[in-house]
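These are my notebook entries on a structure that I had not examined before. I set down what I looked up, entry by entry.

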Amino acid sequence: MRAEPVFTSWTEQESKLWGNQPVRIEHRLNKSPLFSMDGLADLIDRYPRQHYSLIQMGAPGQRKLWREGEIGDLSGAEVIEAIGKGRMWLNLRRVAEVDTRYRDLVNAIFGELSERVPGFNSIDESIGILISSPNAQVYYHADLPGQSLWQIHGSKKVYIYPAVEPFLAPEHLEDIALFGVEVNMPYEPWYDEHARCFEFKAGEMLNWPLNAPHRIENMNCLNVSMTMEYWTDDYKRAQVVNLANGILRHRFGHKPKSRATHGPIFWGKRVAQRLLRDTPALKRERKALRPISFRLDRTHLGEILDLEAA
Ligand SMILES: [Fe+2]
């Protein structure tokens with residue numbers, strides 16, 4: 001017997017727009033027990049340390065701030081309460097690897113996508129769950145794999161920008177490929193005139209074209225979203241070029257001219273980036289960019305303890 005579809009408002013229009021333009025589609029995950037508050041608290045209780053990130057960010061309109069921390073000895077329910085009172089977000093990465101029920105969900109979603117989008121063929125899919133504070137923000141950035149965002153609880157504003165200059169330049173993608181975070185991706189308020197802005201509610205999902213920059217502003221409520229990432233053969237080839245060109249630029253001071261994803265230059269880059277992408281120096285640089293500097297305070301839910309002082 002076939003399960004109920006995950007997408008509940010898909011039309012032919014979405015099949016044509018998927019991957020080419022931002023699209024908003026309805027879904028039913030907000031009603032699934034996998035995403036109830038009790039279900040999420042239980043998931044946090046047994047979530048492996050190496051698979052989550054806890055980030056504190058600056059207040060809206062204030063200086064950009066980004067700190068990484070850990071949840072310490074709080075229970076899952078306490079973590080959710082702390083996020084509800086603080087200004088941070090918890091990203092449960094690789095959920096499908098941690099719990100097979102979410103793997104089944106990923107399979108169902110991508111099964112539907114391959115039926116609905118002509119030629120859609122993903123080779124590597126993952127989901128994460130993002131629990132974030134009222135009025136939290138995600139700064140302007142771009143991602144390397146294909147991306148969708150699913151709103152489960154609460155609401156937020158999502159701004160999606162065109163994946164072309166000046167909003168996005170090749171060196172931004174190279175930096176993300178090399179260092180794993182969005183280093184120096186410039187943002188100007190006037191970019192918003194060129195963005196699509198979505199008032200994003202529970203039961204909706206958004207998909208946008210590859211690498212399209214985006215930023216997010218939560219409304220004044222706790223937010224739970226699911227992030228979904230996927231690669232296709234073309235996306236993987238673009239990733240090889242980003243990494244190889246990044247290495248050329250950073251290690252050898254060479255300005256890359258080609259972004260070809262086929263032919264001899266591409267294959268040369270493919271070999272070179274395999275040799276150079278995980279050198280000890282690069283690993284140290286990545287780690288230095290993401291130090292763990294705070295822990296949640298169990299006695300004052302919503303507040304944090306600096307790790308040096310703790
Ligand atoms: Fe993103």
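**Entry 1: Strand β5**

I began with β5, where 7 of the 9 residues are buried, so this strand is largely enclosed by the rest of the structure. I note here that the model is a predicted one.

I then looked up the neighbours of β5. Strand β4 (residues 88–92) runs antiparallel to β5 and is joined to it by 4 bridges. Within that pairing I found Asn-91 opposite Leu-130 of β5. Strand β12 (residues 223–231) also runs antiparallel to β5, and here I recorded 9 bridges. Ser-132 has Asn-223 in β12 as its bridge partner.

**Entry 2: Cavities**

I turned next to enclosed space. Rolling a probe the size of a water molecule over the atoms shows where empty space is left. I recorded 2 cavities of 30 Å³ or more.

Which residues line the largest cavity? I listed Trp-89, Leu-130, Ser-132, Ala-136, Gln-137, Val-138, Lys-156, Ile-216 and Asn-218. Its volume is about 50 Å³. Leu-130 and Ser-132, already noted for their partners in β4 and β12, thus return here as lining residues. The strands β5 (124–132), β6 (137–141) and β11 (214–218) each contribute at least two residues to this lining. By class I entered 5 nonpolar, 3 polar and 1 charged residues for the lining of the largest cavity.

The second largest cavity has a volume of about 30 Å³. Its lining consists of Asp-143, Pro-145, Gly-146, Gln-147, Trp-208, Pro-209, Leu-210, Asn-211, Ala-212 and His-214. I classed these lining residues as 5 nonpolar, 4 polar and 1 charged.

**Entry 3: The iron ion**

Two residues from the second lining, Asp-143 and His-214, led me to the metal site. Which protein atoms serve as donors of the iron ion? I found His-141 (NE2), Asp-143 (OD) and His-214 (NE2), at 2.1 to 2.2 Å from the iron ion. Along the chain these donors follow the spacing H-x1-D-x70-H. Asp-143 belongs to the loop between β6 and β7 (146–153) and His-214 to strand β11, so this pair ties together parts that are 71 residues apart in sequence.

Are these two donors buried or exposed? Asp-143 has a relative accessible area of 15% and is therefore buried, the cut-off being under 20%. His-214 is buried as well, with a relative accessible area of 3%.

**Entry 4: Aromatic rings**

Lastly I looked up the aromatic rings. A pair of aromatic rings is described by the distance of the centres and the angle of the planes. The count comes to 18 aromatic pairs. For Tyr-161 and Tyr-187 I noted ring centres 6.3 Å apart and planes at 80°, so this pair is edge-to-face. Tyr-161 sits in the loop between β8 (155–160) and α6 (170–179), and Tyr-187 in the loop between α6 and β9 (196–201), so the pair ties together parts that are 26 residues apart in sequence. Tyr-161 is buried at a relative accessible area of 2%, whereas Tyr-187 counts as partly exposed at 28% relative accessibility.

I also entered the pair of Tyr-230 and Tyr-235, which is tilted, with 6.2 Å from centre to centre and 35° between the planes. Tyr-230 is buried, with a relative accessible area of 2%, and Tyr-235 counts as buried at 16% relative accessibility. Ring pairs link both of these residues into a cluster with Phe-7, Trp-10, Trp-18, Phe-110, Phe-120 and Trp-150.

Notes: Residues are numbered from 1 along each chain as its sequence is written. This is a predicted model: local features need pLDDT of at least 70, side-chain atom pairs count only at pLDDT 80 or more; totals for chains, interfaces and linings use all residues. Side-chain values use heavy atoms; hydrogens and water are left out. On a 1 Å grid over the protein atoms alone, a cavity is a set of points where a 1.4 Å probe fits but cannot get out, and a pocket is an open set with protein on both sides within 12 Å along at least five of seven lines; lining residues have an atom within 4 Å of a point. Grid points are joined across faces, edges and corners, and a volume is the space filled by probe spheres set on the points. Ala, Val, Leu, Ile, Met, Phe, Trp, Tyr, Cys and Pro count as nonpolar, Asp, Glu, Lys and Arg as charged, and the others, Gly among them, as polar. Donors are N, O and S atoms within 2.8 Å of the metal (3.2 Å for Na, K and Ca); water is not among the atoms, so sites may look incomplete. Buried means under 20% relative accessible area, exposed over 50%, partly exposed in between (1.4 Å probe, protein chains only). Two strands pair if DSSP finds at least two bridges between them. Rings of Phe, Tyr and Trp (its six-membered ring) pair if their centres lie within 6.5 Å; planes under 30 degrees apart count as stacked, over 60 as edge-to-face and the rest as tilted.
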